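Let's walk through this model together, one selection at a time. Keep your viewer open and follow along.

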Amino acid sequence: MSESEISISSIPETPTETRAFRFGLDFGQRQDHSALALVEEQNNGRLILRLLVKYPLMTPYPLVTRTVVDAYNSVSKQGEIISFACDATGVGSTPTQMLQ
């Protein structure tokens with residue numbers, strides 16, 4: 001999977017209201033896929049899944065982190081990112097350090 005295959009251009013712009021987003025990232029191992037989710041939380045409490053990426057097995061962590069950073073930067077221009085949760089259980093601290 002290349003960086004160009006991950007696009008968040010489908011997130012519609014709504015300039016009349018403040019937008020709130022939540023990211024979730026799970027770093028996979030050899031037998032588990034890494035995954036990225038982006039949810040928009042609306043003022044009425046409704047949650048909308050805006051992005052879900054299931055990376056191919058064995059996608060290098062540097063590629064995962066680059067695409068996550070690109071998505072984060074793009075979304076931060078469209079609203080407020082109110083949380084970013086990352087599960088790196090079993091992969092150690094190296095992948096999460098790449099995000100900092």
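A nonpolar core, as the term is used on this tour, is a set of buried Ala, Val, Leu, Ile, Met, Phe, Trp, Tyr and Cys residues joined through side-chain atoms within 4.5 Å. Keep that in mind for the second stop, and remember throughout that you are looking at a predicted model.

**Stop 1: the whole chain**

Start with a cartoon view of everything. You should find two helices and four strands, and if you trace them from the N terminus the order is β-β-β-α-β-α. The protein has 100 residues, and 30% of them count as buried. Now switch on the surface: its accessible area comes to about 6100 Å², with 49% belonging to carbon and sulfur atoms. Among contacts between residues at least 6 apart in sequence, 58% join residues at least 24 apart.

**Stop 2: the largest nonpolar core**

Next, select Phe23 and Leu36 and show their side chains. The largest nonpolar core has 15 residues, and these two touch the most other members. Which elements give two or more residues to this core? Color strand 1 (20–26), strand 2 (35–41), strand 3 (47–54) and helix 1 (61–76), and you have them. Helix 1 supplies the largest share, four residues.

Stay with Leu36 and display what surrounds it. Leaving aside residues up to four places away in sequence, Leu36 touches Phe23, Gly24, Leu25, Leu51, Leu52, Val53, Tyr55, Val68 and Ala71.

**Stop 3: Glu40**

Now move to Glu40, which also sits on the tour's list of strands: look for it in strand 2. Is this glutamate buried or exposed? Glu40 counts as buried because its relative accessible area is 2%, under the 20% cut-off.

Show the side chains of Arg19 and Arg50 as well. The Glu40 side chain makes a polar contact of 2.9 Å with the side chain of Arg19 and another, of 2.8 Å, with the side chain of Arg50. To see the wider surroundings, add the remaining residues that Glu40 touches, again not counting those up to four places away in sequence: along with Arg19 and Arg50, they are Ala20, Phe21, Arg46, Leu47 and Ile48.

**Stop 4: Tyr61**

Finish at Tyr61, in helix 1. With a relative accessible area of 24%, Tyr61 is partly exposed. Then select Thr96 too and draw a distance between the two C-alpha atoms: Tyr61 and Thr96 are 35 residues apart along the chain, and their C-alpha atoms are separated by 9.4 Å.

Note on methods:
Residues numbered from 1 in each chain as written. Predicted model: local features only at pLDDT ≥ 70, side-chain atom pairs only at ≥ 80, totals over all residues. Heavy atoms only, no water. Buried < 20%, exposed > 50% of the residue type's maximum accessible area, 1.4 Å probe, protein only. Contact = heavy atoms within 4.5 Å. Polar contact = N/O pair within 3.5 Å; in protein donor to acceptor, adjacent residues only side chain to side chain. Areas by Shrake-Rupley, 256 points an atom, 1.4 Å probe, with all protein chains shown as cover.
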